[in-house]
Amino acid sequence: MDEKKLVQEVCRKGVIVPPLRYSEKEVQLAAGGWVRNSRRSGAGWACILRYANTPKWLTGRCESKSEIRMELMGIVAGLKQLKRPCLVAIATAASYLFESAGQLRRPRKCYGFVNDVRTGTAKNADLWKEFEQLCKTHAVHMCWVPARSRHIDSHAARHAARNASYCTN
């Protein structure tokens with residue numbers, strides 16, 4: 001089975017361990033974002049880091065109207081928690097994040113998004129620049145999981161982000 005099919009099969013089952021080729025630690029990261037309805041302010045993000053089957057939960061809240069920004073904040077916060085270079089498998093349900101991260105990690109001249117991030121004109125350019133810097137430290141593998149797939153960590157991160165959006169302190 002080739003590497004791409006193996007990764008797709010592993011992601012579908014809810015365990016996001018990519019093929020072993022690195023000597024670094026392997027960390028699984030699932031992030032979620034949640035934005036409350038327009039009448040109420042507040043949004044939350046959450047991230048679950050899993051190393052050796054031990055989870056670490058991170059959550060936060062801020063004012064935003066973009067669920068993509070919240071999920072990207074969770075990914076960046078999770079990558080910042082890692083103290084050494086690691087092999088990181090990131091599970092996301094947002095196809096925009098999946099595709100944009102792929103373009104940023106393997107830039108080509110035809111990708112206008114990469115130029116927009118570097119010039120600061122892209123949406124969430126500040127977070128994308130941080131993500132790009134962190135990808136230079138860690139070996140990052142993006143894994144897209146369908147939103148309704150019941151991927152254990154992705155689903156839990158989304159609910160944790162929802163709960164974080166309702167916190168007042």
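## Helix H5 and its salt bridges

Glu132 is buried, with a relative accessible area of 13%. In this predicted model, the side chain of Glu132 forms a salt bridge with Arg118, and the closest N and O atoms are 2.6 Å apart. Glu132 belongs to helix H5 and Arg118 to helix H4, so the salt bridge ties together parts that are 14 residues apart in sequence. Arg118 has a relative accessibility of 45% and therefore counts as partly exposed.

A salt bridge also joins Asp126 to Arg69, with 3.1 Å between the closest N and O atoms. This pair links distant parts of the chain, since Asp126 is in helix H5 and Arg69 is in helix H2, 57 residues apart. Asp126 is partly exposed at 42% relative accessibility, and Arg69 is partly exposed with a relative accessible area of 22%.

## Other charged residues

The whole structure contains 6 salt bridges. One of them is between Glu63 and Arg61, at 3.5 Å from N to O. Glu63 is exposed, with a relative accessible area of 54%, while Arg61 is partly exposed at 32%.

Which side chain of opposite charge is nearest to Glu71? It is Arg158, at 6.0 Å; Glu71 is buried yet has no salt bridge. The cut-off for a salt bridge is 4 Å between a side-chain nitrogen and a carboxyl oxygen. Glu71 lies in helix H2, which spans residues 67-81. Leaving aside neighbours within four places in sequence, the contacts of Glu71 are Ala31, Gly32, Gly33, Thr92, Ala93, Ala94 and Leu97.

## The buried side of helix H4

Helix H4 covers residues 112-119, and its buried residues are Phe113, Val114 and Val117. Their directions span an arc of only 100° around the axis, so they are on the same side of H4. The cover over the buried residues of H4 includes helix H3 (95-105) and helix H5 (125-137).

After H4 comes Gly120, which has a positive phi, near 90°.

## Positive phi outside glycine

Most residues other than glycine have a negative phi. Ala52 has a positive phi, near 50°, although it is a residue other than glycine. Ala52 is placed in the loop between strand S2 (43-51) and strand S3 (54-62). With 61% relative accessibility, Ala52 counts as exposed.

Asn124 also has a positive phi in a residue other than glycine, here near 60°. The loop that holds Asn124 runs between H4 and H5. Is Asn124 buried or exposed? Asn124 counts as buried, at 16% relative accessibility.

## Confidence along the chain

The protein chain has a mean pLDDT of 79, and 81% of its residues reach 70 or more. Among its elements, H2 has the highest mean pLDDT, 91, and helix H1 (residues 3-13) has the lowest, 52. The pLDDT is below 50 over residues 13-23, a stretch that has 25 contacts in the model beyond near neighbours in sequence. Where pLDDT is low, the predicted coordinates should not be read in detail.

Notes. Residues numbered from 1 in each chain as written. Predicted model: local features only at pLDDT ≥ 70, side-chain atom pairs only at ≥ 80, totals over all residues. Heavy atoms only, no water. Buried < 20%, exposed > 50% of the residue type's maximum accessible area, 1.4 Å probe, protein only. Helix = DSSP H or I, 4+ residues; strand = E, 2+ residues; numbered from the N terminus. Arc of directions from axis to C-beta. Contact = heavy atoms within 4.5 Å. Lys, Arg positive; Asp, Glu negative; His and termini not counted. pLDDT = per-residue confidence, 0-100.
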